[in-house]
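Open the structure in a viewer and keep the selection tool at hand. The stops below are meant to be taken in order.

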Amino acid sequence: QVQLVESGGGLVQAGGSLRLSCAASGRTFSQYTMAWLRQAPGREREFVALIWSSGGSTIYADSVKGRFTISRDNAKNTVYLQMNNLKPEDSAVYYCAARLPAHRDYDYWGRGTQVTVSS
């Protein structure tokens, strides 16, 4: 079992920055591919960014490329999402998720953290 707890959300003005953190329990964190997804009111949940277990490769949604950076510290069992130049359309609940590399779907989810960007 892996438990995920997000933190770092809040209210920020457009153009500002936030760093989200996702702390994972368990000794096998380093084996998991980690991702951030988000869901705005009335919209489907969407992919934001992903980082492979080794931390060597990342994938980003086109909407956040060049503004967001995903990283991980396997020694701290934590994955981060640095968000710069935030836009009102980035407002959403941000979720951390984990899956084993061989799995297609995410095995574990956090409860989410709210990010609100004011114009």
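Is Tyr95 buried or exposed? Select Tyr95 to begin: its relative accessible area is 16%, and because the limit for buried is under 20%, Tyr95 counts as buried. Bear in mind on this tour that the model is predicted.

**Stop 1: around Tyr95**

Keep Tyr95 selected and add Arg45. Arg45 lies over the face of the Tyr95 ring, 5.5 Å from the ring centre. Next add Tyr106 and Trp109, which ring pairs link with Tyr95 into a cluster.

**Stop 2: the aromatic pairs**

Now look at rings in the whole model, where the count of aromatic pairs comes to 3. Select Tyr32 and Tyr108 for one of them. Their ring centres are 6.0 Å apart and the planes stand at 65 degrees, so this pair is edge-to-face. The two residues come from distant parts of the chain, 76 residues apart. Tyr32 sits in the loop between strand E3 (18-24) and strand E4 (33-39), while Tyr108 belongs to strand E10 (residues 108-109). Both Tyr32 and Tyr108 are buried.

Go back to Tyr95 and show it with Trp109 alone. Here the ring centres are 6.4 Å apart with the planes at 80 degrees, so the pair of Tyr95 and Trp109 is edge-to-face. This pair also links distant parts of the chain: Tyr95 is in strand E9 (residues 92-99) and Trp109 is in strand E10, 14 residues apart. Colour Trp109 by accessibility, and the value to expect is 33%, which counts as partly exposed.

**Stop 3: strand E9 and its partners**

Select residues 92-99, which make up strand E9. How many of the 8 residues of E9 are buried? The number is 7, and E9 is described as mostly covered.

Three neighbouring selections show what E9 pairs with.

- Add strand E4: it runs antiparallel to E9, and 7 bridges join the two. For one example, pick Thr33, whose bridge partner in E9 is Arg99.
- Add strand E11 (residues 113-118), which pairs with E9 in the antiparallel sense over 3 bridges. Pick Tyr94 here and find Thr113 of E11 opposite.
- Add strand E10, joined to E9 by 2 bridges and also antiparallel to E9. Pick Ala98, and the bridge partner in E10 is Tyr108, the residue whose ring pairs with Tyr32.

**Stop 4: the disulfide**

Stay on E9 and select Cys96, then add Cys22. Where do these two cysteines lie, and what does the pair tie together? Cys22 lies in strand E3 and Cys96 in strand E9, so the pair ties together parts that are 74 residues apart in sequence. A disulfide joins Cys22 to Cys96, with an S to S distance of 2.1 Å, and the count of disulfides in the model comes to 1. The angle about the S-S bond is -80 degrees, and the link is left-handed. Check the surroundings of both ends: Cys22 is buried at 0% relative accessibility, and Cys96 is likewise buried at 0%.

**Stop 5: Arg72 and Phe29**

For the last selection, leave E9 and pick Arg72 together with Phe29. Arg72 lies over the face of the Phe29 ring, at 4.6 Å from the ring centre. Compare this view with the stop at Tyr95, where Arg45 lies over the ring face.

How values were computed
Residues are numbered from 1 along each chain as its sequence is written. This is a predicted model: local features need pLDDT of at least 70, side-chain atom pairs count only at pLDDT 80 or more; totals for chains, interfaces and linings use all residues. Side-chain values use heavy atoms; hydrogens and water are left out. Rings of Phe, Tyr and Trp (its six-membered ring) pair if their centres lie within 6.5 Å; planes under 30 degrees apart count as stacked, over 60 as edge-to-face and the rest as tilted. Helices (H or I, at least four residues) and strands (E, at least two) are DSSP runs, numbered from the N terminus. Buried means under 20% relative accessible area, exposed over 50%, partly exposed in between (1.4 Å probe, protein chains only). A charge sits over a ring if NZ of Lys or CZ of Arg is within 6 Å of the ring centre and within 35 degrees of the ring normal. Two strands pair if DSSP finds at least two bridges between them. A disulfide is a pair of cysteine sulfur atoms within 2.5 Å.
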